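Trainee: I'd like a close look at one part of this protein. Could you walk me through the long helix near the end and what it packs against, then work outwards from there?

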Amino acid sequence: MSPENIPPAPDRGMAMLDPVTVEITAPVDPDRAFALFSGDFGKWWPIASHSLSKEKCTGLEMRPGLGGKIIETAQGIAPVIWGEIEIWLPGEQLSFTWHPGWDAGDYTRISVTFDQNRFGHCEIRLVHWEWENLGEIATPIRDSYVTGWPYVFGQCFANYLRKPA
C-alpha cells in the first residue's frame with residue numbers, strides 16, 4: 001500500500017497525523033539503491049544507537065520479497081520482528097509495516113520509492129505514516145521519527161550509498 005492510497009484511519013478519537021517524509025538523492029541507479037537499502041539493511045542501519053538490543057545486537061536484516069520480514073537478532077534474546085514487507089518492486093518501491101519492539105498489531109507503515117532523475121541519479125523518498133494505529137502514544141512516537149529518519153535514512157543510508165562499490 002502506498003501513501004497515495006492511504007485508507008481512512010480507524011476512529012480512535014484522534015486527528016490524523018501527517019506522514020514523516022525524508023528524501024535523498026544519490027549517484028546510483030534505482031536498482032542499486034533498492035538492493036543496498038534492502039539487501040544491506042543491517043550494514044547501513046546505525047545498530048549501536050537505533051536497535052532494541054544495542055550492544056547485544058548481532059544482526060539486523062530485511063528478508064527479501066513479499067511477506068519478508070525485518071528481523072533484529074541479539075545475544076541471549078529471541079529474534080524480534082520489526083515489520084513485514086507488503087510491496088516488493090525491485091528498483092521501484094518497497095513498503096512494509098513497522099513495529100520495532102511493539103505489538104505487531106500496533107504497526108505504522110513505511111514506503112520507500114526509487115526514481116531515476118534526468119541526471120542519472122536516484123531520488124529516494126521514505127514516507128512513514130499510519131501513526132493513528134498507535135493510539136495515545138502516536139504523537140510522541142511520531143515526534144521521535146521526525147528527527148530519527150533524517151539521521152537514519154537521510155545521513156546513514158545516504159552516506160552508505162555514496163561509498164565506493
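Mentor: Here is a walk from helix α4 into the core, then through the loop before the helix and out to the salt bridges.

Bear in mind that this is a predicted model. The average pLDDT is 92, and 92% of the residues score at least 70. The stretch to be wary of is residues 8-12, where the pLDDT is below 50. In the model that stretch has seven contacts beyond near neighbours in sequence. Where pLDDT is low, predicted coordinates should not be read in detail.

Now to the helix. Helix α4 covers residues 138-161, and it supplies nine residues to the largest nonpolar core, the largest share of that core. The core has 40 residues in total, and the members that touch the most others are F37, W45, F96, W98, I124, W149 and F153. In soluble globular proteins, nonpolar side chains tend to be buried together.

F153 is a good place to put your cursor. Leaving aside residues up to four places away in sequence, F153 touches V22, I24, F37, V112, I124, L126 and A158. Two of those partners, F37 and I124, are themselves on the list of core members that touch the most others.

Follow F37 next. F37 pairs with F157 edge-to-face, with 5.2 Å centre to centre and 90 degrees between the planes. F37 sits in helix α1 (residues 30-39) and F157 in helix α4, so this pair links parts of the chain 120 residues apart. Both rings are tucked away: F37 is buried at a relative accessible area of 2%, and F157 is buried at 0%. The pair is one of 20 aromatic pairs in the structure.

Another of those aromatic pairs involves the helix too. W131 and Y145 have ring centres 5.6 Å apart and planes at 40 degrees, so they count as tilted. W131 lies in the loop between β7 (122-129) and α4, while Y145 is in helix α4, so the pair ties together parts 14 residues apart in sequence. Both residues are buried.

That brings us to the loop itself. E130 is in the loop between β7 and α4, and it has a positive phi of about 65 degrees although it is not a glycine. E130 is buried, with a relative accessible area of 11%. G135 is found in this loop as well, and it counts as buried at 14% relative accessibility. From G135 to V152 is 17 residues in sequence and 24 Å in space, C-alpha to C-alpha.

If you want another positive phi in a residue other than glycine, look at K54, where phi is near 45 degrees. K54 is in the loop between α3 (47-50) and β2 (57-62). At 34% relative accessibility, K54 counts as partly exposed.

E130 also leads us to the charged contacts. A search of the whole structure finds seven salt bridges. In one of them, E86 meets R109, with the closest N and O atoms 2.7 Å apart. E86 lies in strand β4 and R109 in strand β6 (residues 108-116), so this bridge ties together parts 23 residues apart in sequence. E86 is partly exposed at 28%, whereas R109 is buried at 9%. Salt bridges with shared partners join E86, R109 and E130 into one network.

Strand β4 takes part in another salt bridge, between K69 and E84, at 3.0 Å from N to O. K69 is in strand β3 (residues 69-74) and E84 in strand β4 (residues 77-89), so the bridge connects parts 15 residues apart in sequence. Both ends are partly exposed, K69 at 26% and E84 at 34%. There is also a salt bridge between the side chains of E61 and R63, at 3.3 Å from N to O. E61 is partly exposed at 35%, and R63 is partly exposed at 42%.

Finally, the cysteines. The structure holds zero disulfides. For C57, the nearest cysteine sulfur is that of C156, 14 Å away, and a disulfide needs the two sulfurs within 2.5 Å. C122 is in no disulfide either, with the sulfur of C156 again the nearest, 18 Å away. C57 is buried at 14%, and C122 is buried at 0%.

Note on methods. Residues numbered from 1 in each chain as written. Predicted model: local features only at pLDDT ≥ 70, side-chain atom pairs only at ≥ 80, totals over all residues. Heavy atoms only, no water. Buried < 20%, exposed > 50% of the residue type's maximum accessible area, 1.4 Å probe, protein only. Core = buried A, V, L, I, M, F, W, Y, C linked by side-chain atoms within 4.5 Å. Helix = DSSP H or I, 4+ residues; strand = E, 2+ residues; numbered from the N terminus. Contact = heavy atoms within 4.5 Å. pLDDT = per-residue confidence, 0-100. Phe/Tyr/Trp six-rings, centres within 6.5 Å; stacked < 30°, edge-to-face > 60°. Salt bridge = Lys/Arg side-chain N within 4 Å of Asp/Glu carboxyl O.
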